[in-house]
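Me: I am new to this structure. Please explain how its terms are justified, beginning with its pockets.

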Amino acid sequence: MCGIFGITSKRRSDIGHILVEGAEKLTYRGYDTVGVATVYKGKILLRKDRGKFDEVATKLRLAEMPGSKGIAQLRWATFGAPSKVNAQPHYDCDEDLCGAHNGNIVNYLPLREQYTGEGHTIRSMNDGEICVHAVERYYDKSGDMVEAIQKGCGDLHGDYAFAIMNMKDDKVYAVKMGSSLFAGIGKGETCVSSDLPSILPVTRRIINVLDGEMVILSPERVELRRINDGAPIEREPYTSDADIRVAQKGGYPHFMLKEIHEQASSTRSLFSAIREPFVTQFEDALLDAKRIFFVACGSSYNATVVASYYLNALAKLPSISVVGGQFVSMYGESVGEDDVVVCVSQSGETKDVIDVVHHCRNRNARILSVVNVLGSTLTQLSHLYLPLGCGFEISVPATKTYTSQVTLFSYLATRMGLRRGTLARETGEGLLNDLQKRLPPLIEQTIATTEIKARALAPYLANYPHFYVLGYGLTHGVALEGALKIKEVCYIVADGMYSSEFKHGPLSIVTNGYPIVFTVAPNDSEELVNHLSEVECRGARIILTGEDHPLLRRYVAEENYLVVPNSNHYLSPILQVIPLQLLAYYLATYKNIDPDYPRNISKTLTVR
Ligand code: BG6
């Protein structure tokens, strides 16, 4: 996934500054290449290169680029290796147009051949350049940007958004065709971006752009048109109340550590974000469903694994968790109008999930979603969604959004258990109270009691290129998430798996001192003794997150015991991911890895 930011202004002639400020807020979307184009004295200036944002911005003095309009792009490479020539934005053949995209042009190669055959000068191997030439083909004939963009989009297949400008007018043009795009109206300037954080320094007056729409920015005005027939669209801007400070580190060395420490407040704000009647309608849909599918990727998928255990344990409801890319080949032929597909995504833009939504909508299945980014494509495509209310999550590894997802699902499962009578009233109401009242302080306590130990374990774990994270029942998804954090930011192959499965093969890896991380829910302590002893007796060094339990203490040395405060069997799994997040954070920083921008990955992937 990439990030695009475009702006036109009558207030500034040093547009480089605001382009750099906007782009900087999109770095979590891609950090393989960076580029900025501005229009100055009737020419399009373009500076771009491979490398991290700060390095390239300083080297090419991007902030000093003059002009009153421009486009910036940050790239996560798919088509075309990370290089200067493949960096965006891209010129057209004669440098009178310049544009950049985010997303995926799936017919890129045939178009590249066709345009080359028509005499176009195509400089790169990047599909973003094809968007520019697609517009150029028509613009050169008519000189009409709007018509050229409409026709150009007719050539392009895939999910994308792009911004483009010419050197003649004071406008920036953009289209949304499946990837995220927002517009902002400021005083004497307007802008578009893949995400809100980069718009807020310019303005809080936001216009959501829907798929199939074109945005025409002039310094004073944002115009919306339907791409297929050019019809004008009237849409009122809304005022975003998003807290911009969330997009800053607030004194923490990294966003990841800051966002780990924000989990008490983010789980609290979840309960002000979700509203009636939508929560009840969400439950009604699940209770009426023939089958419940959870569809998600990465950390969101791991949260759905925990959700399935909660639905079973608290509401006696079966559900199936599936990774986005696997759904169609596994259930695509049988999903139908009686099924409910719950899509879970922090960004609301993950392509593997969006593809499932399109497939299931075509089969009349009901689409529910749980999303953190409001106005995202998934919120636009869902029949009903519940917001997480975590605010921006900047660091590539998800932390606070995962915890809020799990908290939401345990809340819904508890309420459905009460509605179905599968949960005693007292137990259920006690749990609901715990989730809303006790959880935030318990999270703060968990950080306080485990952070130092987690940091102290880093030097030891850094010696191992691989190890296992084992969970059981409700903590299965917690172990998957702990392992994913370590894979994402430590470049260590941590495998998360169900602890009862470990003896069926992987146990062979254990030698003296080999690390095995366990995460144990309170009611499973005795049950897990077997799994602990079978690795301990072969010399493994056990690291464990869980409540303090004398039985477990027999297998875990003090320095390896990441004790979470006592709560209960259903609340504890939410707490137990936190020591694993801290372990991953301190292991990454111990290995001098920037956990916010781990190599090769990106916060949200808008490509298949
Ligand atoms: C990956 C991120 O690209 O997408 C993960 O690196 C994330 O951290 C996953 O969990 C899913 O993203 P989302 O936005 O759909 O929850």
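Reply: Helix α7 (residues 263-273) contributes five residues to the lining of the largest pocket, the most of any element. This is a predicted model, in which local features need pLDDT of at least 70, side-chain atom pairs count only at pLDDT 80 or more, and totals for chains, interfaces and linings use all residues. Residues are numbered from 1 along each chain as its sequence is written, and side-chain values use heavy atoms, with hydrogens and water left out.

Me: Why is α7 called a helix?

Reply: Helices are DSSP runs of H or I with at least four residues, numbered from the N terminus. Residues 263-273 are therefore named helix α7.

Me: What makes Ser347 a polar contact of the ligand?

Reply: A polar contact is a pair of N or O atoms within 3.5 Å. A polar side-chain atom of Ser347 lies 2.7 Å from an oxygen atom of the ligand, so the pair meets that limit. A backbone N or O atom of Gln346 also lies 2.7 Å from a ligand oxygen atom, and for a backbone N or O atom of Val396 the value is 3.2 Å.

Me: How do you know which residues surround the ligand?

Reply: A residue is near a molecule if one of its heavy atoms lies within 4 Å of it. By this rule 14 residues surround the ligand, and the closest are Ser300, Ser345, Gln346, Ser347 and Thr350. Helix α9 (residues 298-315) supplies the largest share of this shell, three residues.

Technical notes
Polar contact = N/O pair within 3.5 Å; in protein donor to acceptor, adjacent residues only side chain to side chain. Helix = DSSP H or I, 4+ residues; strand = E, 2+ residues; numbered from the N terminus.
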